[in-house]
Amino acid sequence: MAAQIIDGRAITRQVHDEIREEAADLAARYGIRPGLATVLVGENPASVSYVTAKNRTCKELGMESFHHPLPAETSQEKLLTLIDQLNRDERVHGILVQLPLPQHIDESQVLLSIDPDKDVDGFHPVNVGRLMIGEPRFPPCTPAGIQELLLRSNTTIRGAEVVVVGRSNIVGKPIAIMLVQKADGADATVTICHTRTRHLEDHTRRAEILIVAAGRPAAISGSMIRPGATVIDVGVNRVGTTDSGKAKLVGDVDFASACEVAGKITPVPGGVGPMTIAMLMRNTLRAAKLKVGDRR
Ligand code: NAP
C-alpha cells in the first residue's frame, strides 16, 4: 500500500496564515512590525536562494526584512561590527546570519555575538542550553518544522519509538532533544544514529517515527523501514538537473521503496524544506512579541 504523503507545502500555508494574522494583531495592538535582518557573506548560490526566500516570506507575512549582503572577503571584524549594530537596532527583532560563512570567519564567534534575544535561528549557546533544559525560546527552525509536521499530520509522538539518523548540531541533536522532553508534542523514546552506529537497519526498523538527516541520497531504503512508520526525510541533495535546467533535488530516503512500506512520508522537495522558513518567521514573531512583553 502506498504511504500517505505529508504535504509540507499545504501545512506551511496554514502556519503562514496563522503568523500573518498574529503579526497583524501585534501591529494593531502595539504598533510594531516584526523585523528580520538577514546577513549574507559571499554569493554561494544555495545561500542566495535561501536568503531571498526568507526575505520574500517576511514581506508576504507583513513583516519587515532588512537584508545585508556582504562581499566574500568581508573581515570578521566588519561582520561583528554589523551584528553589533543590528543587536542595538530597535526595528530588528531577529538576526539571521546565513551559514556557511567563508573559511576565514570563525562561525562560533559570530553566532556568540548575536544577542540571544534576537537569535531566531536558535544557534546561540544560551538558546541551545534553554532547549536542552526544556525551556526553549527560539527552537532551531528545521527541527521545529519537523515537530510541527508530526503534530499537524496527527502522528502520535508521546511514547513513540523515534529513531533519528544524523547527529548534527542543526538537525539531528536538536530534534532528538525536542522529542525526548517531558512535554506535549514530545515524550518520545529517542535513539540517535550516525556513521559509527553498528547495524543501522536494526535501529531504523524499530522506529515508529524515522527522521533522516544524513545528507546522503538513498541512505535509507524501504527494507530499513518498519511497516506503517512515519518517515520524515530532511535531506536535500542536489543530483544533476531537471529537463528545465533547475537543480534536481532528492532526499536521504529512497522515496519509491519507502512509499511501499511507510504509513506516512514527507516528500523532497515539498516536505521539511518549506517548514524551515515558516519556523524562522514564527521565531521572529516570537522575538517581537517578547520585546513588547507579550508571552502568548
Ligand atoms: P551533516 O552536518 O552533514 O550531518 C549528517 C549526519 O548524518 C552526521 O551526523 C553523520 O554521521 C550522519 N550520517 C551520514 N551518513 C550516514 C549514514 N549512511 N548512516 C548513518 N548516519 C549517517 O548534515 P545536516 O546539516 O544535519 O543536514 C542533513 C541533511 O539535511 C542534508 O541533506 C541537508 O542539506 C539537509 N537539511 C535540510 C534542511 C531543510 O530545511 N530541509 C535544513 C538543514 C539541513 P557522523 O556524525 O558520524 O559523520
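How are α1 and α6 oriented relative to each other, roughly parallel or roughly perpendicular? In this predicted model, the axes of the two helices come within 11 Å and cross at roughly 100°; angles of 65 to 115 degrees count as roughly perpendicular, and α1 and α6 are therefore roughly perpendicular to each other. On the α1 side the contact is made by G8, I11, Q14, V15 and E18, and on the α6 side by E148, L149 and R152.

**Domains and cores**

The protein is divided into domain 1, covering 30–125, and domain 2, covering 141–273. Taken over C-alpha atoms, the centres of domain 1 and domain 2 are separated by 28 Å.

The largest nonpolar core has 46 residues, and those with the most contacts inside it are I146, L179, I211, I232, V234 and M281. Two or more residues of this core come from each of the helices α1 (8–30), α2 (45–60), α6 (141–152), α7 (172–180) and α10 (272–291), as well as from the strands β5 (161–165) and β7 (209–212). Among these elements α10 gives the most to the core, with 10 residues. Domain 1 (30–125) and domain 2 (141–273) both give residues to this core, so the core lies between them. Apart from this core lies another one, of 18 residues, which includes F66, V97, L101 and F123.

I232 gives a view of the larger core from one of its residues with the most contacts. Leaving aside neighbours within four places in sequence, I232 is in contact with I6, with I146 and L150, with L210, I211 and V212, and with T266 and V272.

**The loop between β7 and β8**

A213 lies in the loop between β7 and β8 (230–233), and with a relative accessible area of 18% this residue is buried, because the limit for that class is under 20%. When neighbours within four places in sequence are left aside, A213 is in contact with V165, G166, V171, V234 and D252. In the case of D252, the two residues are 39 residues apart in sequence, whereas the C-alpha to C-alpha distance between A213 and D252 is 7.0 Å. The loop between β7 and β8 also holds A218, a residue other than glycine whose phi has a positive value, near 55°.

**Further backbone features**

A positive phi, near 55°, is also found at H199, again a residue other than glycine. H199 is placed in the loop between β6 (189–193) and α8 (200–204), and with a relative accessible area of 52% this residue is exposed.

Cis peptide bonds are found at two prolines, each of them in a loop, and the table sets out their partners and omega values.

| Cis peptide bond | Omega | Place of the proline |
|---|---|---|
| L99 and P100 | about 0° | P100: loop between β4 (94–97) and α4 (107–113) |
| V268 and P269 | about -5° | P269: loop between β11 (264–265) and α10 |

**Cysteines and selected helix residues**

How many disulfides does the model contain? The count comes to 0 disulfides. A disulfide is a covalent bond between the sulfur atoms of two cysteines. As for the accessibility of individual cysteines, C193 counts as buried at 0% relative accessibility, and C259 likewise counts as buried at 11% relative accessibility.

N87 lies in helix α3, which spans residues 76–88, and at 18% relative accessibility N87 counts as buried. Not counting residues up to four places away in sequence, N87 touches I95, S113, I114, D115 and K118.

E60, in contrast, is partly exposed, with a relative accessible area of 44%, and this residue is found in helix α2. E60 and D17 are 43 residues apart in sequence and 10.0 Å apart in space, C-alpha to C-alpha.

Conventions. Residues numbered from 1 in each chain as written. Predicted model: local features only at pLDDT ≥ 70, side-chain atom pairs only at ≥ 80, totals over all residues. Heavy atoms only, no water. Domains from an automatic or database assignment. Core = buried A, V, L, I, M, F, W, Y, C linked by side-chain atoms within 4.5 Å. Buried < 20%, exposed > 50% of the residue type's maximum accessible area, 1.4 Å probe, protein only. Helix = DSSP H or I, 4+ residues; strand = E, 2+ residues; numbered from the N terminus. Contact = heavy atoms within 4.5 Å. Disulfide = S-S within 2.5 Å. Axes fitted to C-alpha atoms, helices over the stretch in contact; angles between N-to-C directions. Parallel < 35°, antiparallel > 145°, perpendicular 65-115°, else oblique.
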